[in-house]
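Student: I would like to test some labels against their cut-offs. Can we go through them one by one?

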Amino acid sequence: MDMQILSTAQELAAVCRQWHREGQSIALVPTMGYYHEGHAALMDKARTLGDRVVVSLFVNPTQFGPNEDYAAYPRDLERDAQIAREHGADLLFTPAPEELYAEDAATWVEVPEMGQLLCGISRPIHFRGVCTVCSKLFHLTQADYAVFGNKDWQQQAIIRRMVRDLFIPVTIVGVPIVRAADGLALSSRNVYLTEEERAQAPEIYAGLQYAKDMVTHGETRASVLRDAVLRRWASRLPLGRLDYLQVIDSASLNQIEEITGPATMACAIKMGKARLIDNIQLN
Ligand code: AMP
């Protein structure tokens, strides 16, 4: 059967309810569209998990701050629908903002401690918007699985915590970061980069890899790793402006001084009009 495209919450819930009645499991892939191979990898993963794959495409206004790129966020529904179809989606859900947020919507889902770290410092309402919209999607679809990219490591950790704390009956599945051949993590926002910025951007990941190499060779002090990456970026990434670079506990997201358990190095770099995030598992 061809992929269905639905835009109302009621229709989405009805189709998913029917699939569940028939004993079929559902894997959900929440996205904001403008697909690249990272999104495709999530859809491919979902295809291996569920009998039915639901892809949601929604540029969620509540996760953008007042001076962020909500209006400018790239959109191409026709191309996205084709990619979702090619990657096995059974249903593409493309609601209008009013469909997911009633005019007098008053309920938020928030994981405040985790949401205020890292990206939350410069984007204080971002993760409240993410948790709220994902809750709505989990409830509407009653998905058995939901697939998230490791690129948004903080997002995935927060969603895992929310799902655990609220006993939402969905299993969160992470997918490795998909990168361009030169190492830059694929992102819908990479289209904001000028040619010159794009040429430097692979240094973001090169810096993270440099830190990981140091860990492999025995370094455990977060400050030493951080200083080494910042020094490297100072010479090789002059167009980048640091938002943050932190060594964190991979699950709690808390900053650590010394690597003793699973640790992640996470960063956000502003380049021109783009704000790029990346991370690496250090051990
Ligand atoms: P977005 O449409 O940018 O909100 O992303 C939707 C989902 O795709 C999120 O779970 C992201 O983590 C994931 N994603 C985005 N870029 C990548 C990438 N380069 N590799 C893996 N997953 C990604």
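The exchange below takes up labels for residues, cysteines and the ligand in this predicted model.

Student: Why is Asp278 called buried?
Tutor: Its relative accessible area is 4%. Buried means under 20%. Asp278 is under that cut-off, so the label holds.

Student: Where is Asp278 placed?
Tutor: In strand 9, residues 274-281.

Student: What makes the pair of Asp278 and Arg179 a polar contact?
Tutor: The two side chains come to 2.9 Å. The cut-off for a pair of N or O atoms is within 3.5 Å. The pair of Asp278 and Arg179 therefore counts.

Student: Which residues does Asp278 touch, leaving out those up to four places away in sequence?
Tutor: The list includes Ile177, Arg179, Tyr205, Leu208 and Ala266.

Student: Take Ala266. Is Ala266 buried or exposed?
Tutor: Buried. Its relative accessibility is 7%, and the label needs a value under 20%, so Ala266 qualifies. Ala266 is in strand 8, residues 263-271. Among the residues Ala266 touches are Tyr244, Gln246, Asp278 and Asn279.

Student: How far is Ala266 from Arg189 in sequence and in space?
Tutor: They are 77 residues apart in sequence. C-alpha to C-alpha, Ala266 and Arg189 are 18 Å apart.

Student: How many disulfides are there?
Tutor: The count is 0. For Cys16, the nearest cysteine sulfur is that of Cys134, 15 Å away. A disulfide needs two sulfurs within 2.5 Å, so Cys16 is in none.

Student: Why is Cys119 not bonded to Cys267?
Tutor: Their sulfurs are 9.2 Å apart, and Cys267 holds the closest cysteine sulfur to that of Cys119. The limit is 2.5 Å, so the distance is too far for a bond.

Student: Are Cys16 and Cys119 buried or exposed?
Tutor: Both are buried. Cys16 has 1% relative accessibility. Cys119 has 6%. Each value is under 20%, so each earns the label.

Student: What makes the contacts of Gln154 polar contacts?
Tutor: Check two distances. The Gln154 side chain reaches the backbone oxygen of Met114 at 2.9 Å. A polar atom of that side chain lies 3.1 Å from the backbone nitrogen of Cys119. Both distances are within 3.5 Å, so both count.

Student: Where is Gln154, and is Gln154 buried or exposed?
Tutor: Gln154 is in helix 8, residues 153-165. The relative accessible area of Gln154 is 5%; that is under 20%, so Gln154 is buried. Gln154 also touches Phe127 and Leu253, among others.

Student: Turn to the ligand. Which residues come nearest?
Tutor: Met32, His39, Asp152, Val178 and Leu186, out of 18 around the ligand.

Student: Which polar atoms lie within reach of the ligand's nitrogen and oxygen atoms?
Tutor: A side-chain N or O atom of His39 is 2.8 Å from a ligand oxygen. A polar backbone atom of Val178 is 2.8 Å from a ligand nitrogen. For Leu186, a backbone N or O atom lies 2.9 Å from a ligand nitrogen. The cut-off is 3.5 Å, so these pairs are polar contacts.

Student: How much of the ligand does the protein bury?
Tutor: Taken alone, the ligand exposes 480 Å². The protein buries 94% of that.

Student: Which element gives the most to the shell around the ligand?
Tutor: Helix 2, with 3 residues. By class, the shell has 9 nonpolar, 7 polar and 2 charged residues.

Methods. Residues are numbered from 1 along each chain as its sequence is written. This is a predicted model: local features need pLDDT of at least 70, side-chain atom pairs count only at pLDDT 80 or more; totals for chains, interfaces and linings use all residues. Side-chain values use heavy atoms; hydrogens and water are left out. Helices (H or I, at least four residues) and strands (E, at least two) are DSSP runs, numbered from the N terminus. Buried means under 20% relative accessible area, exposed over 50%, partly exposed in between (1.4 Å probe, protein chains only). A polar contact is a pair of N or O atoms within 3.5 Å; within protein, one must be able to donate a hydrogen and the other to accept it, and residues adjacent in sequence count only if both atoms are side-chain atoms. Contact means heavy atoms within 4.5 Å. A residue is near a molecule or strand if one of its heavy atoms lies within 4 Å of it. Accessible areas come from the Shrake-Rupley method with a 1.4 Å probe; for residues, only the protein chains shown count as cover. Ala, Val, Leu, Ile, Met, Phe, Trp, Tyr, Cys and Pro count as nonpolar, Asp, Glu, Lys and Arg as charged, and the others, Gly among them, as polar.
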